[in-house]
Amino acid sequence: MPTAVPPSPARSLADLDRGEVATVVGAGREHRTRLAMQGIRPGVVVAVEQDAPFGGPRVVRVGAVRVAIARGVARSVLVQAVDRPHSVEP
Amino acid sequence: MTVVDAELSRVPAGAIGVHRAVAEAAAAAPVVALVGRPNVGKSTFFARASGRFAETANLPGTTVGVATRRVRLGERQAILVDLPGTFGLADRSDGLPPFWQLLVGARPEAILAIVDAGDLARHLPLALACRDLGLPLVVAANLADEAEAHGISVDTGRLSQLLAAPVVRTIGRRGTGVDAAVAAAVALAERQRVDPARGPLSVPPYAGRAVRAVQAIARVTSAAGSDGTFGDPALDVAVRDHRLSAIGAATIAAAETLEPERWSVAERWAGQVTRQRTVAEPLADRLARLVTAPWPGVPLLALVTIASLVATMVVGTAVAGFLGGVWGVVVSPPLTRLIDAVVPVPALAEATRWALDSGLLAMLSVGIPFVLLFYVVLAVLEDSGYLASAAVLSDRVCNALGLPGRATIPILAATGCNVPAVYGTRILETRRERLLASFLIVLTPCSARSAVVIAALAPIAGPAAALAAFGVIAALTVAAGLLANAMLPGRQSPLILELPPLRRPIGRQVAAKAWFRFRSFVRTAAPIMLVGSFILGLASASGAIGPLEDGLRPVTSGLLGLPAVAGVALVLGFLRKELALQLLLVLAIAEVGPAASDLSTFMTPGQLFVFAVVTGISFPCVATLASLVDEFGPRAAAAVTLAVLGVALLAGTALARIVGVA
């Protein structure tokens with residue numbers, strides 16, 4: 001049994017399952033500023049809530065608010081999944 | 001350079017726009033600027049503070065202009081400036097200079113930053129950026145009721161210490177704390193006026209490295225004889241004109257260094273001043289999640305859309321019928337007698353009757369019932385936050401046409417009337433999106449054009465033919481939309497949208513917004529309806545039809561395979577679309593005789609099909625054209641018109657060959 005949980009590898013926000021919680025690691029240059037203005041910055045914890053149909057935007061919870069992010073943009077956001085002690089899905 | 005009272009979008013980059021009201025009134029009263037992120041309830045706050053309702057919406061980016069109001073608080077007077085919602089000082093919405101230029105252009109002597117009490121971590125960075133400018137700051141911790149519903153309470157005293165600025169707890173929609181916040185800002189503004197001590201950052205809460213970077217920029221540029229600049233001519237001008245201190249300008253120039261600092265400070269402070277109790281999830285939150293979930297969100301979206309359209313149609317038709325009846329009994333007979341008595345020339349009298357009698361009635365029976373109703377429905381959907389949330393669901397589908405999901409509503413509204421739909425595109429963010437949406441709107445048959453399609457086809461060629469015609473029109477619209485998206489330069493920026501919470505719309509605010517938009521509609525459409533009807537009346541009374549018919553013959557008969565008289569009906573339909581079919585009949589009777597009162601006597605079903613599709617698409621009616629000019633300028637309006645006309649003629653020519661009439 002390892003004493004410390006090894007950090008999970010970085011994935012894109014688009015690859016997370018619904019309900020998963022992750023810490024933002026970085027974002028592609030193209031959308032970085034617009035994401036940052038919505039508070040999606042390195043170190044921030046996001047939770048995937050919903051997906052719109054037909055490959056539509058992904059709705060994530062950031063702190064007190066929900067932000068809809070087009071799937072293409074979500075692919076450019078690097079995250080690291082957080083181990084959940086219990087379900088935080090509100 | 002100072003520009004007074006120009007449209008903000010026309011202020012050249014680098015120049016500083018000053019609202020005329022601000023420029024004139026500032027001499028007397030101190031100026032306070034309202035700053036906040038979209039959806040923080042800033043315009044509601046402004047309306048409460050000034051006693052009037054500005055055009056607000058529960059949507060990012062609707063306060064595009066700058067509203068200015070004079071407020072009186074006891075003995076004191078002040079000018080409140082309501083700036084558009086912004087995410088940061090460097091943020092720029094489509095067609096406007098960056099936000100800080102709007103802010104500085106208003107020459108504020110204090111800033112009232114409105115933040116969401118329930119979401120300080122994301123709202124304080126903007127307040128910090130304002131504070132860094134060196135202007136006196138008051139922070140309104142707004143939406144305190146919503147925060148408390150989420151179990152969040154804010155220690156305003158502690159936050160005030162941290163920010164070194166007054167913090168007032170407010171609930172904008174109820175007016176709680178609004179006067180206190182404004183009074184605090186006005187008091188600071190008055191003091192600033194007497195003693196404009198625009199000093200350096202008083203207690204910069206940022207890492208030493210960031211502060212030194214800002215100070216270095218300020219030093220280089222303000223040193224005597226220095227030709228150092230901020231790397232942005234607009235900043236240099238602002239400092240030279242004493243609108244910004246050197247250090248304030250430096251904090252804008254160094255935004256990239258300071259922004260991460262502000263966000264981390266905001267997060268730390270939010271943690272220190274916020275207490276979170278565990279509470280049951282508010283109903284509004286659960287509803288907000290339901291409306292964006294594929295189930296039941298998608299069926300709900302369909303239902304809300306259909307219900308909005310049907311309600312507008314049913315109520316609109318009833319009101320229109322009522323108005324028409326009253327008009328026919330009360331207004332029409334005396335008006336006709338008056339015109340006959342006053343205008344001696346019969347042809348002129350007839351034209352005047354067309355304009356004042358049927359023209360005004362058409363305006364009245366389209367304007368009030370359909371347009372005003374639609375605006376009310378749109379305002380309710382916007383203010384409740386539903387529009388932005390539900391649009392997430394249709395975003396992907398609309399993206400194919402270069403549009404965001406929100407465009408669904410105005411485009412669907414176009415099936416009622418194109419004019420309000422064109423104004424409805426104001427809910428979109430960029431000019432490109434608005435132009436593309438307007439192109440689709442103009443291609444969409446409005447109820448008047450749909451009526452022509454149905455009336456021309458259903459009795460003779462059968463309902464199936466009418467349905468087929470609508471199918472052809474829909475397919476053409478989508479194809480043209482895809483093509484336009486590919487051809488128009490630029491790309492749609494993908495969706496990154498904060499979803500507004502669902503809120504109960506405020507009745508007065510909905511009414512004010514609907515009325516505000518309705519006024520633009522009336523101003524645009526009424527004169528045109530009158531002049532158009534007058535010209536129509538003149539044409540029908542003076543016999544100018546013949547030469548027009550001959551001139552159009554190559555297109556009408558050659559390309560579209562229609563009787564020459566149909567060309568006149570198509571062209572004059574520009575003036576009054578709903579009259580295209582009546583015109584056709586009237587003209588045909590005049591030419592062929594009473595037998596032509598039945599369409600089938602002079603047009604084959606194939607010809608009627610071509611006529612119906614071309615009328616369905618054709619080109620914007622004169623009122624729509626005016627709204628396009630109003631919103632986009634003459635060049636873009638002409639481009640849209642030509643594009644639509646091209647689609648109509650191409651489709652008509654091809655159809656005529658397919659159905660074998662040409």
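## Exercises on a predicted two-chain model

A:S12 stands opposite A:L78 in β6(A). The structure is a predicted model, and the exercises below start from this pair of residues.

### Exercise 1. The sheet

Determine which strands form the open sheet that contains β6(A), and which of them are the edge strands.

*Solution.*

Step 1. Begin with the strand pair that holds A:S12 and A:L78. Strand β1 (residues 11-12) of chain A is joined to strand β6 (residues 77-81) of chain A by 2 bridges, and the two run antiparallel.

Step 2. Find the next neighbour of β6(A). Strand β2 (residues 21-27) of chain A pairs with β6(A) over 5 bridges, in the antiparallel sense. Within this pairing, A:T23 has A:Q80 of β6(A) as its bridge partner.

Step 3. Turn to β3 and β4. Strand β3 (residues 45-51) and strand β4 (residues 58-62), both of chain A, pair in the antiparallel sense over 5 bridges. A:A47 is found opposite A:R61 in β4(A).

Step 4. Examine where the sheet passes from one chain to the other. Strand β5 (residues 65-69) of chain A is joined by 4 bridges to β11(B), and these strands run antiparallel. Here A:V67 faces B:E498 of β11(B).

Step 5. Assemble the order. The open sheet has 7 strands, arranged as β1(A)-β6(A)-β2(A)-β3(A)-β4(A)-β5(A)-β11(B), with antiparallel pairing. Its edge strands are β1 of chain A and β11 of chain B, each of which pairs on one side only.

### Exercise 2. The contact between the chains

State how many residues of each chain are in contact, and which element of chain B gives the largest share.

*Solution.*

Step 1. Count the residues: 26 of chain B are in contact with 28 of chain A.

Step 2. Identify the contributing elements. Those of chain B that give two or more residues are α4 (120-132), α11 (255-273), α12, α13, α15 (386-399) and β11 (496-499). The largest share, 5 residues, belongs to α15(B).

Step 3. Sort the residues by class. The side of chain B that touches chain A comprises 14 nonpolar, 3 polar and 9 charged residues.

### Exercise 3. A pair of packed helices

Two of the elements named in Exercise 2, α12 and α13 of chain B, also pack against each other. Are α12(B) and α13(B) roughly parallel or roughly perpendicular?

*Solution.*

Step 1. Take the geometry. Helix α12 (residues 283-292) and helix α13 (residues 294-342) of chain B pack at an angle of about 75 degrees, and their axes are 5 Å apart.

Step 2. Apply the cut-off. Angles of 65 to 115 degrees count as roughly perpendicular; α12(B) and α13(B) are therefore roughly perpendicular to each other.

Step 3. List the residues in contact. B:L290, B:V291 and B:T292 come from α12(B), while B:P296, B:G297 and B:L300 come from α13(B). By class, the residues of this contact are 4 nonpolar, 2 polar and no charged.

### Exercise 4. The interior of chain B

Explain why B:G573 counts as buried, and name the residues that touch the most other members of the largest nonpolar core.

*Solution.*

Step 1. Consider the whole chain. Chain B comes to 27 helices and 11 strands, and 53% of its 662 residues count as buried. Among its contacts between residues at least 6 apart in sequence, 73% join residues at least 24 apart.

Step 2. Locate B:G573, which lies in the loop between α23 (564-572) and α24 (580-592) of chain B. The cut-off for a buried residue is 20 or more other C-beta atoms within 10 Å; B:G573 counts as buried because it has 26 C-beta neighbours inside 10 Å. Leaving aside residues up to four places away in sequence, B:G573 touches B:L579, B:A580, B:L583, B:T615 and B:S618.

Step 3. Examine the largest nonpolar core. Of its 142 residues, B:A569, B:V610, B:A612, B:V613 and B:I617 touch the most other members. Helix α14 (residues 346-383) of chain B supplies the largest share of this core, 17 residues.

Step 4. Follow one of these residues. With residues up to four places away in sequence not counted, B:I617 touches B:L443, B:I473, B:L476, B:V644, B:V647, B:A648 and B:A651.

Step 5. Note the second core. Another core, of 90 residues, lies apart from the largest one and includes B:L80, B:L128, B:A165 and B:I171.

Methods. Residues are numbered from 1 along each chain as its sequence is written. Chains are lettered from A and ligands numbered from 1 in the order in which they are written. This is a predicted model: local features need pLDDT of at least 70, side-chain atom pairs count only at pLDDT 80 or more; totals for chains, interfaces and linings use all residues. Axes are lines fitted to C-alpha atoms, for helices over the stretch in contact, and angles run from 0 to 180 degrees between N-to-C directions. Angles under 35 degrees count as roughly parallel, over 145 as roughly antiparallel, 65 to 115 as roughly perpendicular and the rest as oblique. Two residues are in contact if their C-beta atoms, placed from the backbone, lie within 7 Å. Ala, Val, Leu, Ile, Met, Phe, Trp, Tyr, Cys and Pro count as nonpolar, Asp, Glu, Lys and Arg as charged, and the others, Gly among them, as polar. Two strands pair if DSSP finds at least two bridges between them. A nonpolar core is a set of buried Ala, Val, Leu, Ile, Met, Phe, Trp, Tyr and Cys residues joined through C-beta atoms within 7 Å. A residue is buried if 20 or more other C-beta atoms lie within 10 Å of its own, exposed if 12 or fewer, and partly exposed in between; C-beta atoms are placed from the backbone.
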